[in-house]
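Please take a look at the structure below. The paragraphs that follow go from one detail to the whole and then to the aromatic rings.

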Amino acid sequence: MSSMAIGLGLSQAQSPGTLNVQVFETVEPDYFLPLTAGVGITIVGILGPVTHSGIYPVQSDVLSNALLNVRAPQIEQAVPGAPLRLTAPGLWAHDDQNSGHTRSYRWQRNGIDIPGATAPEYSPTAADADQDLQLIETVAGANGARSAASNSIDAVHEQGLFATTLKAGGLLDIIGNDGRSFALDDPADIYDGTYSVADLSAGPVALVDAVLNATAAPDVGQTLTITPALFACDPAFGEIAVSYTTNGASSVDASDPNTPTLVADAADAGTTLVVTANATQGGASVDSVSNGVEIPAVPEITGRRPSIDQNLTEGQTLDEVVTWGSDYASNVGAIQSVLRQVRTDLADWSAYDGAAVLEAGRDYRVREKITDDQGNFKRFYSRFRTASPLPDTFNIVLGNDGTLQIEDNDGRSFTLEEGRYDGTYSVAEGTLASGAVSLVAPVLIADGNPVVGEILAIAPALFAYDPALGSLSVNYATNGASTVNASDPAAPVLMIDPADAETTLSVTATATQGANDTSTSSNGVAIAALSGAFNIVLGSDGTLQIEGNDGRSFPVDDSLDRYDGMYNVNAGSLEAGAVPLVAPILTSDGTPTAGETLSIVPALFAYDPDFGDLSVSYSTNGANAVDTRDPDNPTLLISAADAESTLRVTAQATQGANTIDAASNGVEIAEAPSAPSATTPTFFQPAPIANYDNSSTASETMDLSAGTAGDTVLIHYGSDSASAPVSLTIDGQAMTLIASAAAGSDGNKTSGYLYELVLTNAGSASASVDVNLGGSSSNGHIFVGAIVSGGARVAADGDQTADASLLSTSVAPTVSENLVLSFVSGYSDRMNGNETWSGTTSQGSRLTAFFGSTFATAEDVPASTFTSTLQIDGGTQSWQHGASMTTVVYNGV
């Protein structure tokens with residue numbers, strides 16, 4: 001390199017005010033311009049080579065501290081598919097007092113470094129097709145290093161380039177498809193094989209159908225996994241979307257595209273489930289239909305139960321009075337066996353002996369156990385019947401159904417002293433030979449002017465008959481739209497149908513003996529007109545609003561199948577408050593023990609909203625209170641103090657000053673197990689993390705390196721969103737929600753959610769914690785964590801406040817060696833380090849202004865209900881949202 005300098009200015013000495021000119025005949029081979037630093041603007045002339053010739057102004061003042069790029073490097077691709085090459089290195093100016101500069105290169109795709117591409121020449125790959133490529137030239141010397149970017153080239157891939165990429169959810173991208181065969185090596189070994197696709201321009205192509213996986217015959221409620229279909233597509237024609245549908249009652253859950261799932265619904269019993277995968281790209285779509293999986297029918301045995309004659313007398317045999325059931329059938333097999341038994345009074349059931357003779361005053365009942373060839377069985381019972389003694393000569397026997405047996409009638413008078421039929425009667429001699437005689441007509445009993453839906457009692461007619469001439473049957477008919485219910489012949493009833501409004505109802509009793517019928521009719525009862533609109537609204541918490549109640553019957557069709565059936569509430573009764581229709585049910589499986597949580601089916605209370613709002617509360621005879629935070633699904637945690645007792649719950653409905661109770665069934669609690677040898681679980685708290693973006697998703701890293709396989713990671717997630725997270729994951733593994741402190745949708749409030757995950761490997765020092773709120777968003781995201789070693793989780797609880805109210809949570813360990821952890825997060829200037837814990841020992845610290853977190857523990861507390869509370873500092877606030885708290889307890893094991 002040779003050069004010459006020409007100075008033009010007002011003085012001989014070079015200075016910042018001097019215009020300097022320096023000419024270089026050639027800048028090869030190093031393409032560096034050594035200039036005098038600090039002399040102002042230097043005009044540089046370059047004669048060769050042609051790629052760098054020209055005149056360049058250089059501000060030499062900066063050269064004492066740094067290199068200066070005068071001309072950027074240039075690259076080119078001679079022909080499509082050819083390598084990209086550096087055709088002209090960058091031109092750099094530097095202080096002529098420094099030398100020994102070095103050059104290095106790196107290639108970038110769309111502004112991102114390409115791994116391993118550090119030479120002046122680069123051969124494009126399939127991934128570079130139609131992407132922007134450029135070369136970054138870096139020069140380093142005594143004054144540091146500087147970089148310059150070359151021109152960009154839109155790389156053109158070589159004709160005939162063929163590349164495949166297998167993506168999540170069974171999507172196979174094919175670039176440059178020309179119909180050739182190709183081998184697919186799936187890391188998951190699901191789609192391994194050789195394939196070819198004729199044409200992808202018309203849209204995606206299904207290569208492998210979806211598979212609905214099942215072992216043996218799946219039961220209702222079982223979750224079936226789906227191996228996704230394999231769809232090939234050309235990404236040049238747009239994005240591809242895959243969705244799944246099924247012929248079953250449930251929807252496919254494809255939140256994890258690699259493992260969609262489907263739950264077998266009760267409505268799917270006895271059907272064959274299939275799923276259909278649909279791939280859509282632009283206006284084109286293609287379906288892939290899976291195999292079918294048969295869902296077995298729910299076993300059910302039906303039939304008509306056995307019965308015993310209503311009127312039994314001593315001396316008869318069981319075979320004379322028993323009618324066995326009929327029409328037995330099983331929906332899953334054939335009836336294989338029938339076991340018949342009899343019970344006398346309250347003695348144990350014994351084998352049926354049809355020749356056994358009835359004894360006066362004894363109660364009899366029979367049953368049949370029907371078993372099908374699949375091992376399913378059901379018992380069918382008759383009613384209890386009592387055998388009467390044989391009458392003396394001219395003996396009268398009054399049945400409670402209004403039938404009066406008279407033996408050897410000779411016309412004499414006789415007196416009855418029974419409330420309904422008190423009086424003296426006589427039946428002419430010989431009259432009973434022609435059939436029964438009516439002595440008292442039936443009475444249709446009504447109080448005032450009855451309305452639709454009321455049930456009217458019927459005092460049975462009194463018929464005299466001679467049993468020697470055959471048995472007597474009595475039937476009741478009415479002129480109304482409903483039929484008389486005579487299932488209890490001693491107390492038949494009649495429900496008033498809406499069609500009977502504004503009519504006069506009556507009933508007719510007909511006694512039949514052999515070929516002879518005798519009838520007698522009751523009084524008439526005028527039915528009131530319908531009183532207007534009648535509406536019912538069933539709440540999921542077991543409250544039933546009734547508007548315009550007039551006593552009519554109504555059906556309840558509960559979507560949860562808890563209260564299905566026909567009901568009616570007497571007209572006017574709702575004016576005095578709610579009416580219980582169904583008692584609460586305390587559910588259990590077997591004999592539960594301390595530490596288990598029992599579900600409660602809420603009581604069904606009817607009420608008229610015109611008389612005020614209805615509130616329902618639950619109490620129990622157990623040590624713990626009923627948890628009604630979800631009024632649709634209240635629960636009861638069994639305390640150790642409840643061992644060897646019978647737990648019950650009572651639902652109380654309050655409307656204004658009126659209250660009404662409904663008590664549940666009882667559940668026997670097993671005796672407390674002997675205390676195991678227990679140790680207190682241990683824990684480690686990593687530093688809390690937070691993200692303050694107003695977003696629906698957030699990702700932060702937490703140090704979980706203290707955890708080992710089998711340890712439990714706990715994350716308390718704090719958010720000002722009223723919506724629970726769609727998912728919370730650690731390194732892609734989904735965590736399980738175990739406690740909530742969810743805020744409402746109004747006001748400045750903070751929600752908290754406690755999640756857990758059992759580690760399958762050692763924890764990472766930079767574990768990725770990711771949250772997704774779906775369609776909601778949060779001003780900030782707070783993550784407070786802990787790692788628990790040993791122990792077994794017993795219970796968890798949560799609480800939330802929108803101001804400085806006391807936060808309180810309760811849990812119940814069942815052994816004395818235990819560990820309690822409490823987590824708090826909040827958006828509040830009151831979380832300033834002055835919070836007051838009660839029941840636990842403070843461990844944590846605040847994050848930053850207006851975003852706080854704290855953490856506390858307690859060990860080996862008594863094995864009973866334990867309460868952890870926290871009072872946020874009560875100073876005057878300038879700005880605040882609130883806070884949430886979750887608490888969990890682990891038993892030592």
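Which residues do ring pairs link into a cluster? They are Phe683, Phe823 and Phe855. The model in which this cluster appears is a predicted one.

Consider next the protein as a whole. One helix and 85 strands make up its secondary structure. For 893 residues the globule rule gives 29 Å, but the radius of gyration of the protein is 44 Å, well over that value, so the protein is more spread out than a compact globule. The C-alpha trace spans about 165 × 75 × 60 Å along the principal axes. Of the 893 residues, 41% are buried. Among contacts with a separation of 6 or more, 62% are between residues 24 or more positions apart.

The surface and the charges come next. Carbon and sulfur atoms hold 47% of an accessible surface of about 41,700 Å². There are 102 negative and 30 positive side chains, and the centres of these two sets lie 3 Å apart.

Back to the rings: the protein has 10 aromatic pairs. One of them joins tyrosine 328 and phenylalanine 380, tilted at 45° between the planes and 4.9 Å centre to centre. Tyrosine 328 belongs to strand 34 and phenylalanine 380 to strand 38, so this pair ties together parts that are 52 residues apart in sequence. Tyrosine 328 is buried at a relative accessible area of 17%, and phenylalanine 380 is buried at 8%.

In another pair, tyrosine 717 and phenylalanine 783 have ring centres 5.4 Å apart and planes at 35°, so this pair is tilted. Because tyrosine 717 lies in strand 71 and phenylalanine 783 in strand 77, the pair ties together parts 66 residues apart in sequence. Both residues, tyrosine 717 and phenylalanine 783, are buried.

Definitions and conventions
Residues numbered from 1 in each chain as written. Predicted model: local features only at pLDDT ≥ 70, side-chain atom pairs only at ≥ 80, totals over all residues. Heavy atoms only, no water. Helix = DSSP H or I, 4+ residues; strand = E, 2+ residues; numbered from the N terminus. Rg over C-alpha atoms; globule rule 2.2 N^0.38 Å. Buried < 20%, exposed > 50% of the residue type's maximum accessible area, 1.4 Å probe, protein only. Contact = heavy atoms within 4.5 Å. Areas by Shrake-Rupley, 256 points an atom, 1.4 Å probe, with all protein chains shown as cover. Lys, Arg positive; Asp, Glu negative; His and termini not counted. Charge placed at Lys NZ, Arg CZ, Asp CG, Glu CD. Phe/Tyr/Trp six-rings, centres within 6.5 Å; stacked < 30°, edge-to-face > 60°.
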